[in-house]
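Visitor: I would like to learn how to read a structure like this one, feature by feature. Could we begin with the backbone and work inwards from there?

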Amino acid sequence: MKVLKFGGTSVGSIENIKRVKELITDGDKKIVVLSAMSGTTNVLVEISDLIKNKLVDQAVETIENLHAKYNDVIDELFETSEIKQEVGNYIDKVFELLTTFTSKKHNELLYNRIVSQGELLSTFMFTKYLNQEGVNARLLPALGFMRIDKANDPDDFYIKQNLQRIIDEALPAEIYITQGFICLDAVGNIANLQRGGSDYTATIIGAVVDADEVQIWTDIDGMHNNDPRCVENTHAISNLSFDEAAELAYFGAKILHPQTVMPAREANIPVRLKNTMDPGSYGTLISQEYEGEGIKAIAAKDGITAIKIKSARMLQAHGFLKKVFEIFEKYETSIDMITTSEIAVSLTIDDASNLPSIVEELEKFSMVEVDNNQSIICLVGHSVVRHHETHRLFKVLQDISVRMISYGGSNNNISLLVNTNDKITALKRLNSYVFEFATT
Ligand code: ADP
Ligand code: ASP
Ligand code: MG
């Protein structure tokens, strides 16, 4: 069994929906995970913000505009008036529900309920479309099996049991369709796996059904060696190890949700990245195998806060790091990069929601400096640290103000912290430098 995930662009137009149908109807049994149609989740977030800011008229207008777009899709995708009516009824109900939300008090649960509608819409329409085309496809409701625990990790036991039950209860089908992104939380409320989370849904399902392969179909031909939104002439990397792909995803390669690789790595299930618009291109295969040495790719993650903590007691104050880490632990804030000297430690976090409390506690025994608007640039490959050419990349740094460097923490990764304003220049310089010498 394979698990195939199609992202927003892949189901974002009539033409692409038809393409996806062609790609998945090869006779093999599979589970297909769908995102919302491209742009939908962003509009839903906008609706949630309007409700939060009590801009009810604007929220209602935005809901109506989105509804009109879906009505156009129904008109074009479906043939008979019966099926148009059936799908139309479902879609009308979703938009009625959204409208009732405009008079509700805004909170996290309301946000979660609003943003979940995109995947509910896309999967319902797509399943009906496949049925219209004579394909034996069935919808498996993700909210019947996908669940996260108190630590926001997938509850594998629950997911496995319930997914199996739902498949057993459903009539036999060639293709099972389910929603990406959405899930229940530990107390059974509607929640999600964070933006871009449909990729993660696919590998979570892949691991629990012990899939032969998970395929992530998107709008680009695989993981590129640098961020194609910032740098020209990037190219797809054919093979990546789980560790390399995990680091790239974690450090900002948007093609994969940061946690996507984890379930696949644990269950040793290969993940293939493919382009819906160019299915013939090889894409990227992520597996246990390491191929080649040296830097393979560069990624960047924005929204980083750097914190410098200087010990007030100065030299040889043992126990200082322990006290520092305990504070981050207390506020459940994970640290990405860290460098230390005898009297100070610099570290980075990407979740600054508890920063004021953290700083307040740190200041009880140290001097603290905070820098916002930082980006981590991450160079990833196998044995990058031992690679005999790696030192040459530091030449490029003479032009860029680098706030921190992490080298040697792992064999697969060198991380640099720069001001976000310097990110694109740094990515471009590193790109020409790293990949020029990598080929010589
Ligand atoms: P989907 O909607 O299919 O999930 P995403 O927009 O989430 O698609 O991810 C695909 C996009 O990720 C690409 O269009 C590309 O702009 C961006 N991207 C960022 N970094 C990389 C990278 N290193 N390799 C490939 N794509 C990347
Ligand atoms: N639709 C969700 C989002 O836009 C999930 C996804 O696309 O993976 O974030
Ligand atoms: Mg995505």
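Guide: We can begin with Asn233, which counts as exposed because its relative accessibility is 72%, above the 50% cut-off. Please keep in mind throughout that this is a predicted model.

Visitor: Where is Asn233 found, and what is its phi?

Guide: As a general idea, most residues other than glycine have a negative phi. Asn233, although it is not a glycine, has a positive phi of about 60°, and its place is the loop between strand S7 (213-218) and strand S8 (239-241).

Visitor: Which loop holds Asn152, and is that residue buried or partly exposed?

Guide: Asn152 is found in the loop that runs between strand S3 (137-140) and helix H7 (156-169). Its relative accessible area of 49% makes Asn152 partly exposed, because exposed would require a value over 50%. Asn152 also has a positive phi, near 65°, in a residue other than glycine.

Visitor: How should I read the division of the protein chain into domains?

Guide: The protein chain is divided into domain 1 (2-219) and domain 2 (297-439), and the centres of these two domains, taken over C-alpha atoms, are separated by 37 Å.

Visitor: What does the largest nonpolar core contain, and from which domains does it draw residues?

Guide: The largest nonpolar core has 102 residues, and those with the most contacts inside it are Phe6, Ile24, Phe126, Phe145, Met223 and Leu256. This core draws at least three residues from each of domain 1 (2-219) and domain 2 (297-439). Apart from it lies another core, of 21 residues, among them Ile295, Ile414, Leu416 and Val434.

Visitor: Which residues are in contact with Leu256, leaving aside its neighbours within four places in sequence?

Guide: With those neighbours left aside, Leu256 is in contact with Asp199, Ile216, Met223, Ala249, Val261, Leu273 and Ile286.

Visitor: Is Leu66 buried or exposed, and what does it touch?

Guide: Leu66, whose place is in helix H3 (residues 56-77), is buried, because its relative accessible area of 4% falls under the 20% cut-off. Not counting residues up to four places away in sequence, Leu66 touches Thr40, Val43, Leu44 and Phe95. From C-alpha to C-alpha, Leu66 and Tyr129 are 20 Å apart in space, while in sequence they are 63 residues apart.

Visitor: How do I compare separation along the chain with separation in space for the lysines Lys330 and Lys364?

Guide: Read the two values side by side for each pair. Lys330, in helix H11 (residues 320-330), is exposed with a relative accessible area of 53%, and its C-alpha atom is separated by 8.9 Å from that of Ile358, 28 residues apart along the chain. Lys364 is found in the loop between helix H12 (355-362) and strand S14 (366-382) and is likewise exposed, with a relative accessible area of 64%. The C-alpha atoms of Lys364 and Tyr70, 294 residues apart along the chain, are separated by 56 Å.

Visitor: How many cavities does a search of the whole structure find, and what lines the largest cavity?

Guide: In general, rolling a probe the size of a water molecule over the atoms shows where empty space is left. Here the search finds 1 cavity of 30 Å³ or more, and the largest cavity has a volume of about 40 Å³. Its lining is formed by Val11, Ile17, Met37, Ser122, Met125 and Phe126, and by class that lining has 5 nonpolar, 1 polar and no charged residues. Helix H6 (residues 117-132) gives the most to this lining, with 3 residues.

Notes: Residues numbered from 1 in each chain as written. Chains lettered and ligands numbered in written order. Predicted model: local features only at pLDDT ≥ 70, side-chain atom pairs only at ≥ 80, totals over all residues. Heavy atoms only, no water. Core = buried A, V, L, I, M, F, W, Y, C linked by side-chain atoms within 4.5 Å. Buried < 20%, exposed > 50% of the residue type's maximum accessible area, 1.4 Å probe, protein only. Domains from an automatic or database assignment. Contact = heavy atoms within 4.5 Å. 1 Å grid on protein atoms, 1.4 Å probe; cavity = no way out; pocket = protein on both sides within 12 Å on 5 of 7 lines; lining within 4 Å. Points joined across faces, edges and corners; volume = space filled by probe spheres on them. Helix = DSSP H or I, 4+ residues; strand = E, 2+ residues; numbered from the N terminus. Nonpolar A, V, L, I, M, F, W, Y, C, P; charged D, E, K, R; others polar.
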